[in-house]
Amino acid sequence: MDLDLPLIWAGIIALAVLLYVMLDGFDLGIGILFPFARSPRDRDTMMNTIAPYWDGNETWLVLGGGGLFAAFPLAYAIIMPALYIPILLMMMALILRGVAFEFRARGRTRGKAFWTGAFAGGSTVAALSQGLVLGGFIQGVTLNGEAFGGGPFDWLTPYTLLVAVGLTAGYALLGSTWLIWRTEDDLHGDARRWAWRAVLASAALLAVVSFATLFVHPQVALRWGFEDGAFDLARLALLSPIPLLGLAGLGFVVWGLAKGGHVAPFLGSLTVFVSGYLGLAVGFFPNIVPYDLTFRQAASAENALGLMLVGVAILLPVILAYTVWVYWVFRGKVGADAGYH
Amino acid sequence: MEFDALLLSRIQFAFTIAFHIIFPSFTIGLASYLAVLEGLWLLTRNETFKTLYLFWVKIFALSFGMGVVSGVVMSYQLGTNWSVFSAVAGPVIGPLFAFEVLAAFFLEASFLGVMLFGWKKVGPGLHFASTVLVAFGTLTSAFWIISANSWMQSPSGFAGTVEEGLVAVNWLQVIFSPTFPMRLTHMVLAAYLTTALVVAAASAFRLLKDASEAESAMALKMAIGMLAIVAPLQLLAGDLSGKDVLEHQPAKLAAIEAFWETRSEQAFHIAAWPDREIEGNHWELSIPKLGSLITAGAMDAEVQGLTAFAPEDRPPVFIVFWAFRVMVGLGLAMIALGFWGAWLAWRGRTTRSPAFLRACVAMGPAGFVAVISGWIVAEVGRQPYVIYGVLRTEDAVSPIGAGAVSASLLAFLVVYAIVFSVGALYILRLLAEGPVAGAHEPPPRENRAPGTPLAATPEDPGPSGQETR
């Protein structure tokens, strides 16, 4: 049997990153919304809604990084140095917000206040730096042969800042709609108000980012039907399901918010993320280091990809199964006392 | 010495990985200990085990969290700072990292949630299964990461060169490289010893305050049992690991023992002041012929000295020599502590010897120090190579500037200093409280408004119309 291993692995990495963005997205969103909570008790509840999951969610980031190293070592070796500063910034932020789950529960007055701040600040900075990483990736990386050949601040442009703000708004949308689903009473009401603001901000920023992305590289514009001032409607029509999916997702969020649904806004937000993710991926595919290195050029040895595929075929279904089980175990509305502390 | 991106990256990697290893070396053992405690509780229904479980699981949560976040850093730092290494070695050891994530990290992370928050949500059987799976996950993680590291120490099963890229030709030889079995054994035993020492120290500390605390007495006995059996085994495992080093990394062995000339009847240096500049030791305190006996098994065995290797192929000697002596010295102290405790236990006096209890407290951090020293021997001893004999460390670094690396190194120093000191404070605070006060089981769901002492922090204004269902 002849499997297209590089293509399969590109799909696996893409899936890992998408799952990461959606899953850690809502729990980073909780941290982004932390400053807006009306009481420490509400913050306890917010944290309790994600406490059993956050570690598993973040593991998809490790799979994204580790998987890229294993399956596309050349891409890993180029992208990481290129985005050195935002990636390291993300790491520091994730450290501070990650330990805050336990530390905040152990701290006394000042300690608790500090780790509340660390959780909020860390989550926000992690979201922003992930946006910078994403933006820096989409706008392309300068190569010198088969190594990174640009400068340390190549990633810092108006476009990447825009993406950073957009992704952060998107995470706030995921976080607020998650809270609508998983909380009650005052906090639930607050989450609805946050979700209204987040969905408006996300929709506006998604539109601006989508538009701006057309200008980062001719290849992206070409994909969407624009070439040298000419416009090819057939190309755009072919890809139109992607933006339409995003619009449907936004519509579902708004509809869910308007009619007081509990789950619909969250599902709608996830749909928006899938659409945005596909929309960006279409622009640079088949490059894995935009816009000079394809996933085939960066792929690891066939035997390495084959060996790992056996592992994935056995383990990934198991991982997905127990992840779903854990979400099932901790289903339902969550209160401030749900923790074990 | 110039502070270029290479040196800064080396310092950063050494610092972040030394920080990281503290937590796995404790949580690997602690996860197994928790599984044993929960199993014993289910089996005997003795509440002592449950109290101990609920207490130590809190320490576990704190330590595991720090291990997770400092571990995520490692999975990205290979690329950010060591991109040439990543590109060259990825096709061979990339799969080992991938298997670690797939087989271990997800398992640990997912079932940790059930372990910490599922006490009232799942039945005792499922909860126990979750604890066991987390423990299994920690060991699986150790398996794959030690496999990857061992390949870097004694690469096998591959073909190709650094220039054209490496590729695996025999996966079993890649995964089970020659030094892997003993190194894995050595590390897992080290983790168990580290945990046993911490449990012994915490229990002894409590017993010095209150000799009648049954939970601490039980935990101390379990820890002594572990020490008395595992510490001598570790000496054996370490010796076998040393034989691997002699065979596969002779330059490292020469540095460990500060052997300079190649000869039979090498002396064993108990202490020395090795210096690469003079290619010898300024002074040494030695036992004749014992060096050959210990390292090669016979007094007349010829053992290579550092001068057998070109100066640019020699690892730093001073740090390797002394790190090894710290590790072994602490290992011998652990054996002594284990025997002392076993003798007291046999006489039924473990909790009534203040001298022994104080010794246990003093030895609490010994496991961590020994683990870090051991890794210094392994990693510094591998220099100047990152993949022994294949890729030099200086050729493995990313094309990045010193400015970015100094900024990130500084940030790591600050962030880790905060995280470490606060984490240590919270853990020590819990340990001082002891198992009885520290083991509040989540109370029944109805009447919990006043909360546990931990939940009711001064800042907390109390219930605000939010109740748990």
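**Salt bridges and the A–B interface**

Trainee: Where do I start with A:D27?
Mentor: A:D27 makes a salt bridge with A:R97, and the closest N and O atoms are 3.2 Å apart. A salt bridge here is a side-chain nitrogen of Lys or Arg within 4 Å of a carboxyl oxygen of Asp or Glu. The pair links distant parts of the chain: A:D27 sits in helix α1 (residues 5-33) of chain A and A:R97 in helix α5 of chain A, 70 residues apart. Helices are DSSP runs of H or I, at least four residues, numbered from the N terminus.

Trainee: What kind of model is this?
Mentor: A predicted one: local features need pLDDT of at least 70, side-chain atom pairs count only at pLDDT 80 or more, and totals for chains, interfaces and linings use all residues. Residues are numbered from 1 along each chain, chains are lettered from A, and side-chain values use heavy atoms, leaving out hydrogens and water.

Trainee: Are A:D27 and A:R97 buried or exposed?
Mentor: Both are buried. Buried means under 20% relative accessible area, exposed over 50%, partly exposed in between (1.4 Å probe, protein chains only).

Trainee: What does A:K112 pair with?
Mentor: With A:D44, in a salt bridge at 3.3 Å, N to O. A:K112 is in helix α6 of chain A and A:D44 in helix α2 of chain A, 68 residues apart. A:K112 is buried at 5% relative accessibility. A:D44 is buried too, at 12%.

Trainee: And in chain B, what does B:D239 bind?
Mentor: B:D239 forms a salt bridge with B:K243, closest N and O atoms 3.1 Å apart. They are four residues apart in helix α7 (residues 214-248) of chain B, so about one helical turn separates them. B:D239 is partly exposed at 34%, and B:K243 is partly exposed at 26%.

Trainee: Switching topic. How many salt bridges are there between chain A and chain B?
Mentor: Zero. Nine residue pairs are in polar contact, both residues at pLDDT 80 or more. That contact is a pair of N or O atoms within 3.5 Å; within protein, one must be able to donate a hydrogen and the other to accept it, and residues adjacent in sequence count only if both atoms are side-chain atoms.

Trainee: Which helix gives chain A's side the largest share?
Mentor: α5(A), with 15 residues.

Trainee: How many residues are in contact?
Mentor: 80 of chain A with 84 of chain B. Contact means heavy atoms within 4.5 Å.

Methods. Helix = DSSP H or I, 4+ residues; strand = E, 2+ residues; numbered from the N terminus.
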